[in-house]
Amino acid sequence: MPLPHNPNRNHLLAALPAAEFARLAPYLEPVAMRLGETIYEPGERLQHVYFPTTAIVSLLYIMESGASAEMAGVGNEGVLGISLFMGGDTTPSSAVVQTAGHCYRLEARLLKEEFNRAALVQKLLLRYTQALVTQMTQTAACNRHHSIEQQLCRWLLLTLDRLPSTELIMTHELVAGAFGVRRESITEAAGNLQRAGLIGYRRGHISVFERSGLEAGACECYAVVKKEFSRLLADVLYRQTALA
């Protein structure tokens, strides 16, 4: 059975002090996110921020040629729309749903007011932003120096960290778009992992059988990103565990 909607399934919302959460709670709107749906377009003025609970969103840079590459992913650990509280109202990237699910949407004005009012909220969001920047820079290095198979292992592990299941619903086209490579390259890398007994896949579905094998096959980039999120958001993770 599907789990009930609950804003505390987003780690940042769960970590808000009670008074700050009480101010925002009446305005948090549950929203369904469909696979492949575009949430933001490059240069679009941002009207809302999104706190994913079960959905995962890819932040993609789109070239003039139409080619794309993922800079980072946002799931239940974070918030989509950091430009709003970092001083800008637009973003050069596109935001596309990588894994269908749900989120909570909040008007941009309300988050800005809370960011400027409450020091604890500001500190929490800035820590998350630093962790997200680490993910972006590590992804850029990974795309330049590591094989598609290593990148796929890293990407699958980061996705698993955000989901309660080892079953992933996504298409090779979306994964290829995130990596900025041909679909055939993803098919070949996924085939290698399947022959090694680490995953199974059929059209639109990936099942992870052996996480430890993915960890062994991934480059150091996965561990770097995971360590930085844990370091910066240790108190968030603690509160989330206590709520669970």
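Contact here means heavy atoms within 4.5 Å. Helices (H or I, at least four residues) and strands (E, at least two) are DSSP runs, numbered from the N terminus. Axes are lines fitted to C-alpha atoms, for helices over the stretch in contact, and angles run from 0 to 180 degrees between N-to-C directions.

The model is predicted: local features need pLDDT of at least 70 and side-chain atom pairs count only at pLDDT 80 or more, while totals for chains, interfaces and linings use all residues. Residues are numbered from 1 along each chain as its sequence is written, and side-chain values use heavy atoms, with hydrogens and water left out.

**Stop 1: the open sheet**

Select strands 2, 6, 4 and 5. In the order 2-6-4-5, these four strands form an open sheet with antiparallel pairing; two strands pair if DSSP finds at least two bridges between them. Strand 2 (38–40) and strand 5 (68–74) are the edges, each pairing on one side only. From one strand to the next, the twist averages 35 degrees.

Now narrow the selection to residues 56–62 and 94–99. These are strand 4 and strand 6, which pair in the antiparallel sense over five bridges. V57 has V97 in strand 6 as its bridge partner.

Stay on strand 4 and pick Y61, which lies in this strand. Y61 is partly exposed, at a relative accessible area of 38%; buried means under 20%, exposed over 50% and partly exposed in between (1.4 Å probe, protein chains only). Beyond its neighbours within four places in sequence, Y61 is in contact with A67, S68, A69, M71 and P92. Add S93: its C-alpha atom and that of Y61 are separated by 4.8 Å, with the two positions 32 residues apart along the chain.

**Stop 2: helix 6**

Select residues 172–179. This is helix 6, which lies across strand 4, strand 5 and strand 6 and runs at about 100 degrees to strand 5. Add helix 7 (residues 183–195): the two helices pack at an angle of about 105 degrees, with axes 8 Å apart. Helix 6 is therefore roughly perpendicular to helix 7 (65 to 115 degrees; under 35 counts as roughly parallel, over 145 as roughly antiparallel, and the rest as oblique). H172, E173, V175, A176 and F179 in helix 6 meet R183, I186, T187 and A190 in helix 7.

**Stop 3: strands 3 and 7, then helix 3**

Select residues 48–52. Of the five residues in strand 3, four are buried. Strand 3 runs antiparallel to strand 7 (residues 101–107), joined by five bridges, and H48 has E107 in strand 7 as its bridge partner.

Move on to helix 3 (residues 108–117), where A108, L110, L111, E114 and F115 are buried. They cover an arc of only 165 degrees around the axis, so they sit on the same side of helix 3; the arc is that of the directions from the helix axis to the C-beta atoms. Their cover includes helix 2 (18–24), strand 3, strand 7 and helix 4.

**Stop 4: helices 4 and 9**

Select residues 119–145 and 221–232. The axes of helix 4 and helix 9 come within 9 Å and cross at roughly 175 degrees, which makes the two helices roughly antiparallel. Among the residues that meet are Y128, L132 and Q135 in helix 4 and V225, F229 and L232 in helix 9.

Hide helix 4. In helix 9, the buried residues are C221, Y222, V225, E228, F229 and L232. They fall within an arc of 140 degrees seen down the axis, so they line one face of the helix. On the face turned away from them, look for the exposed residues K227 and R231.
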